[in-house]
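This report is meant for a reader who meets the structure for the first time. It goes from the whole chain to a few chosen places.

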Amino acid sequence: MAQEDPPGPPPGSLLGREFATAIVVFHEAVGRLLGLSSVERKCLDVLDRLGPVTAGAIAEHTGLTTGAVTGLADRLEKAGYARRTRDPHDRRKVLIELVPNERRAELTAAAFGPFGAEMAEAAAKYTPAELAVISDWVAATTDILVNNTRRITQLKV
């Protein structure tokens, strides 16, 4: 009688783990290039995409707590990459915004220029329908990561 193989991880689990690991390691390397952690570097990306936003908006997009974002904003200010300003529409609110930084722009271009070109080359191999499925998987994976970041930050140690 043949023994059955023990059940492995659910389909997609290993793929998601490997994908997440590659993303974290890549952004850690880019962060080190800029003198930042990977989380600080990714928050620069959030600011680049959204423009000036509140700490609450950054927390919403990342799953981090507003307290963690406050400390992160302090470090980004100290590094010369961001600053706090008053919201011109509601002076009670404080916004976090990117500041022009030539060094950051040069290093970011050096890191992401080749990466963007290779991603475009990889995407060109797929049909629009296949890209739609891939985009759906990436969006779902992103939502899962953000939701689980929120969940984990609320755990009591």
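The text below describes the overall make-up, then the strand pair, then two single residues.

**Overall make-up**

The model is predicted. The protein holds six helices and two strands. Read from the N terminus, the order of its elements is α-α-α-α-β-β-α-α. The two β elements thus follow four α elements and come before two further ones.

For the dimensions, the radius of gyration of the protein is 19 Å, whereas a compact globule of 157 residues would have one near 15 Å. Along the principal axes, the C-alpha atoms fill a box of roughly 75 × 40 × 30 Å.

Of the 157 residues, 27% are buried. The exposed area of the protein comes to about 10,900 Å², and 60% of that area is supplied by carbon and sulfur atoms. When contacts between residues at least 6 apart in sequence are taken, 49% of them join residues at least 24 apart.

Charged side chains are present in both signs: 19 are positive and 20 are negative. The centres of these two sets lie 9 Å apart.

**The strand pair**

Strand S1 covers residues 82–87 and strand S2 covers residues 90–98. How do S1 and S2 pair, in the parallel or the antiparallel sense? They pair in the antiparallel sense, over six bridges. A hairpin of two residues leads from S1 to S2. Asp87 has Asp90 of S2 opposite.

**Two single residues**

Ala57 and Asn101 are placed in two kinds of surroundings. The table lists their relative accessible areas.

| Residue | Relative accessible area |
|---|---|
| Ala57 | 22% |
| Asn101 | 18% |

Ala57 is part of helix H3, which spans residues 55–62. Buried means under 20% relative accessible area and exposed means over 50%, so Ala57, at 22%, counts as partly exposed. Arg41 is 16 residues away from Ala57 along the chain, and the C-alpha atoms of the two are separated by 16 Å.

Asn101 sits in the loop between S2 and helix H5, the latter being residues 102–123. Is Asn101 buried or exposed? Asn101 counts as buried because its relative accessibility is 18%, which is under the 20% limit. Apart from neighbours within four places in sequence, Asn101 is in contact with Gly80 and Tyr81.

Key: Residues are numbered from 1 along each chain as its sequence is written. This is a predicted model: local features need pLDDT of at least 70, side-chain atom pairs count only at pLDDT 80 or more; totals for chains, interfaces and linings use all residues. Side-chain values use heavy atoms; hydrogens and water are left out. The radius of gyration is taken over C-alpha atoms; the globule rule is 2.2 Å times the number of residues to the power 0.38. Buried means under 20% relative accessible area, exposed over 50%, partly exposed in between (1.4 Å probe, protein chains only). Contact means heavy atoms within 4.5 Å. Accessible areas come from the Shrake-Rupley method with a 1.4 Å probe; for residues, only the protein chains shown count as cover. Lys and Arg count as positive and Asp and Glu as negative; His and the chain ends are not counted. The place of a charge is taken as NZ of Lys, CZ of Arg, CG of Asp or CD of Glu. Two strands pair if DSSP finds at least two bridges between them.
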